[in-house]
Amino acid sequence: MRLKDRIAVVTGAASGIGLATAKRFAAEGAKVVAVDLNTDGITLLAKEIDGDAITCDVTDEAGVEAMFESVVGRHGSVDIAFNNAGISPPEDDSILTTGIEAWERVQRVNLTSVYLCCKHVIPHMRRQGRGSIINTASFVAVLGAATSQISYTASKGGVLAMSRELGVQFAREGIRVNALCPGPVNTPLLRELFAKDPERAQRRLVHVPMGRFAEPEEIAAAVAFLASDDASFITASTFLVDGGISGAYVTPL
């Protein structure tokens, strides 16, 4: 119950890492506000965990601002913001084939939404004198890949750099900002990618020292740690939860 009585906002809460984290936050005692465009998904989740659900397009500044105002108006604070919404569409591929429309869409959802969420939650946290922000980046923010998703990779690099800067800027105001960098995670998005292209999938899996993908619950455990006072001296960090992939030169047979 490390998060007892804390108010936690989770974007991208209807599936994958966001869903697992919302459940973990609730299990640790937090009041969770689940945010997503999938109204049915977050409504069911809110009922399951006795939380709230807010349908919001996190690429829309007015909507994001109103969402955080609503949370504070109802609950009095925002103690934790897990800015996790993201996409990885198939049209985002090599730089040689990715069109500008795909590039801009991925940047809006993966990077601009994090900028907007940070911009509009930090003033509330400054008034409180405390807060933990966890932004979902990726292991691809610290590694290169020949099987590129160019806009996704660039967007996650941006999330990492922005989180580091915000963590430094607001450290003395009691606000911690960290970039979560998961390795490949067993989510519907990844399963779909691997089912479509087994060869491309194997090129990825062979580089994971643990020989498997993470489960969403494993990533959620890391987020809960960063959100809690157990991580009170951790800010502006590149928090890798990647099964060793970023540390590997040669993986085990």
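**Overall build and local features of the predicted chain**

Buried residues account for 50% of the 253 residues in the chain. The model described here is predicted, and the account moves from the whole chain to single residues. Eight helices and seven strands make up its list of secondary-structure elements. The C-alpha trace spans about 50 × 35 × 35 Å along its principal axes. For 253 residues, a compact globule would have a radius of gyration near 18 Å, and the value of 17 Å found for the chain agrees with this.

The contacts and the surface fill in this overall view. Of the contacts between residues at least 6 apart in sequence, 71% join residues at least 24 apart. The chain exposes about 11,900 Å², with carbon and sulfur atoms supplying 54% of that area. Its charges comprise 24 positive and 29 negative ones, and the mean positions of the two sets are 4 Å apart.

A good place to begin the tour of single residues is strand E1, which covers residues 7–11 and includes Val10. Val10 has a relative accessible area of 0% and is buried; the cut-off for this class is under 20%, so Val10 falls within it. Beyond residues up to four places away in sequence, Val10 touches Gly18, Ala22 and Phe25, the run Val32, Val33, Ala34 and Val35, and also Phe82. For one of these partners, Val35, the C-alpha atom is separated from that of Val10 by 5.9 Å, with the two positions 25 residues apart along the chain.

Asn84 offers a loop counterpart to this strand residue. It sits between strand E4 (80–83) and helix H4 (100–128), in the loop that joins them. Asn84 counts as buried, at 10% relative accessibility. Once its neighbours within four places in sequence are left aside, Asn84 is in contact with Thr11, Gly12, Ile17, Gly18 and Thr136. Gly18 thus appears among the contacts of Asn84 and also among those of Val10.

Ser77 and Arg130 can be read together. Ser77 lies in the loop between helix H3 (61–75) and E4, while Arg130 is found in the loop between H4 and strand E5 (131–136). Ser77 counts as buried at 9% relative accessibility, whereas Arg130, at 41%, counts as partly exposed. The two loop residues touch each other, Arg130 being listed with Ile7, Val71, Val72 and Gln128 as a contact of Ser77 outside its neighbours within four places in sequence. From the side of Arg130, the contacts beyond four places in sequence are Ser77, Asp79 and Met125, together with Glu173, Gly174 and Ile175.

Some C-alpha separations give a sense of scale across the model. Ser77 and Glu104 are 27 residues apart along the chain, and their C-alpha atoms are separated by 33 Å. Arg130 and Glu65 lie 65 residues apart in sequence and 19 Å apart in space, C-alpha to C-alpha. Thr112, a residue of helix H4, has its C-alpha atom 16 Å from that of Phe68, 44 residues away along the chain. With a relative accessibility of 31%, Thr112 counts as partly exposed.

Aromatic pairing is represented by one pair in the structure. Phe225 and Phe239 form this pair, which is tilted, at 5.9 Å centre to centre and with 35° between the planes. The pair links distant parts of the chain, 14 residues apart: Phe225 belongs to helix H8 (residues 216–227) and Phe239 to strand E7 (residues 238–241). The tilted label follows because planes under 30 degrees apart would count as stacked and those over 60 as edge-to-face. Phe225 itself is partly exposed, with a relative accessible area of 23%.

Backbone geometry supplies the closing details. Most residues other than glycine have a negative phi. Asp5 is not a glycine, yet has a positive phi of about 70°. Its place is in the segment before E1, and at 62% relative accessibility Asp5 counts as exposed. Ala236, likewise not a glycine, has a positive phi of about 60°. Ala236 lies in the loop between H8 and E7, the two elements that carry Phe225 and Phe239 of the aromatic pair.

Note on methods
Residues numbered from 1 in each chain as written. Predicted model: local features only at pLDDT ≥ 70, side-chain atom pairs only at ≥ 80, totals over all residues. Heavy atoms only, no water. Phe/Tyr/Trp six-rings, centres within 6.5 Å; stacked < 30°, edge-to-face > 60°. Helix = DSSP H or I, 4+ residues; strand = E, 2+ residues; numbered from the N terminus. Buried < 20%, exposed > 50% of the residue type's maximum accessible area, 1.4 Å probe, protein only. Rg over C-alpha atoms; globule rule 2.2 N^0.38 Å. Contact = heavy atoms within 4.5 Å. Areas by Shrake-Rupley, 256 points an atom, 1.4 Å probe, with all protein chains shown as cover. Lys, Arg positive; Asp, Glu negative; His and termini not counted. Charge placed at Lys NZ, Arg CZ, Asp CG, Glu CD.
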